[in-house]
Amino acid sequence: MNEDPRYQFDTLAIRAGQERSQYGEHSEALYLTSSFVFPSAAQAAALFAGEVEGYTYSRFTNPTVTLFQDRLAALEGAEACIATASGMSAILATALALLQSGDHVVAARGIFGASQALFGTLLPKFGVTTTFVPGCDPESFRKAIQPHTKLVFIETPSNPLTEVHDMAALADMAHAVGALLVVDNCFCTPALQRPLEFGADLVIHSATKHLDGQGRVMGGAVCGAKAPIEEVFKFMRTAGPSLSPFNAWVLVKGLETLKLRMQAHSANALELARRLESHPAIERIFYPGLPSHPQHALAQRQQSAGGAIVSFEVKGGRAAAWRVVDNCKLLSITSNLGDVKTTITHPGTTTHGRVTPEARAEAGITEGLVRIAVGLEAIDDIEADLLRGLGPR
Ligand SMILES: *Cc1c(COP(=O)(O)O)cnc(C)c1O
């Protein structure tokens, strides 16, 4: 079974892409090998020339990595997928494969800190410029898009403020100038949202987060139509930020429980957001599942649930935010997210610490902002840990 389109999401998450070896193993095999042997010199030549299909070297492809790619592509409803060593290398590979000197990118200002650095600092060295657009009003994006714009890059919901972008509107604007809409689907995963259905051209994943789901391995992926993914593959086999087969195997196992986990994360996060929304020490709370979220209606159209991330601004700036963080005994103080263990982060001094103060202000990341990646512990225990620093409700 693999590409049968009649199978539903839950089935594909558990079965798609598996090809059993001669031993008939039930669980997916791990091919922990860097290279593959050839029956003859002529066979090796044919493989390297691309005349026959097969495996040569794990920088190019590996059966366990292929399995992860095929399964994730099935879940995103994509023709093809390329796995990478991390989420950032997925974004880098996409940019370097599809852009050249003189090209222009439009990116949301409210994206992950390292993604801002990649577009804002690294790519200009190679002649690629980026206009950052604050907020998520499609009209602001329309104004920023130029005739030479080649990529429009967003996260929806965004990290850490959970801004929700109208993917169909942005796809139309991008396509009008021949650009591609690239969506980092890290916060929702295909279990809650499938960007290609809304017109996006490429979907990026930090597989490190929810696809693994238990904070074990780094990984990334790019999903989309065959033609652009082929370009990303050519970059990957030459440049080499490939996914380890071991990590691919862990990620395949993560995909099997993805939907159940995402639904449970979302239920816990919504309950936490509801409980904290009227807390006297909290200025504002950001969660797409709350009716008070500015893009709640849009989120309901695009996502089947709100996801795991709840951010809030504590009254009293950095000192008050750090008090909440430092009073946690259960929650892990770490910058990772998408784990069954709840994590707490002060974005202004960690994930977005390298972003300039001006860009941080423009993105709305204040000193009082705290980001919770809600895990699967009991909601009462998660809440009690936060109330230690926030004070009673
Ligand atoms: C973590 C993250 C990334 C980067 O992924 P890595 O696997 O850490 O390289 C990209 N986008 C978002 C939204 C993230 O949260």
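1. A residue is called exposed when its relative accessible area is over 50%, and buried when that value is under 20%. The structure discussed here is a predicted model, and the points below apply these two terms to selected residues.

2. L32 is found in the loop that joins α1 (9–15) to α2 (41–48). With a relative accessible area of 60%, L32 is exposed, because the value lies over the 50% limit. L32 also contributes to a nonpolar patch on the surface, which is made together with L30 and F246 and covers about 270 Å².

3. Q193 likewise has a loop position, between α8 (189–192) and β6 (202–206). Is Q193 buried or exposed? Its relative accessibility is 1%, so Q193 counts as buried, the limit for that term being under 20%.

4. The surroundings of Q193 deserve a separate comment. Leaving aside residues up to four places away in sequence, Q193 touches E76, T156, M167, N185, C188, Q302 and Q303. Among these, T156 also takes part in a polar contact: its backbone oxygen is reached by the side chain of Q193 at 2.9 Å. As for sequence separation, Q193 and G306 are 113 residues apart along the chain, while their C-alpha atoms are 9.9 Å apart in space.

5. H293 is placed in the loop between β8 (282–286) and α12 (296–302). A relative accessible area of 7% makes H293 buried, since the limit is under 20%. Which residues does H293 touch, not counting those up to four places away in sequence? They are L161, T162, V164, F286, Y287 and P288. In addition, a polar atom of the H293 side chain lies 3.0 Å from the backbone nitrogen of Q295.

6. The ligand is surrounded by 14 residues, of which the closest are G87, D184, S206, T208 and K209. Two of these names recur among the polar contacts. A polar side-chain atom of D184 lies 2.6 Å from a nitrogen atom of the ligand. In the side chain of T208, an N or O atom is 2.6 Å from an oxygen atom of the ligand. The side chain of N159 likewise has an N or O atom 3.2 Å from a ligand oxygen. On its own the ligand has 380 Å² of accessible area, and the protein covers 93% of this.

7. In summary, the loop residues Q193 and H293 are buried, whereas the loop residue L32 is exposed and belongs to a nonpolar surface patch.

Terms used. Residues are numbered from 1 along each chain as its sequence is written. This is a predicted model: local features need pLDDT of at least 70, side-chain atom pairs count only at pLDDT 80 or more; totals for chains, interfaces and linings use all residues. Side-chain values use heavy atoms; hydrogens and water are left out. Patches are made of residues with over 30% relative accessible area and no salt bridge: like charges are joined within 9 Å, nonpolar side chains (Val, Leu, Ile, Met, Phe, Trp, Tyr) within 5 Å. Accessible areas come from the Shrake-Rupley method with a 1.4 Å probe; for residues, only the protein chains shown count as cover. A salt bridge is a side-chain nitrogen of Lys or Arg within 4 Å of a carboxyl oxygen of Asp or Glu. Helices (H or I, at least four residues) and strands (E, at least two) are DSSP runs, numbered from the N terminus. Buried means under 20% relative accessible area, exposed over 50%, partly exposed in between (1.4 Å probe, protein chains only). Contact means heavy atoms within 4.5 Å. A polar contact is a pair of N or O atoms within 3.5 Å; within protein, one must be able to donate a hydrogen and the other to accept it, and residues adjacent in sequence count only if both atoms are side-chain atoms. A residue is near a molecule or strand if one of its heavy atoms lies within 4 Å of it.
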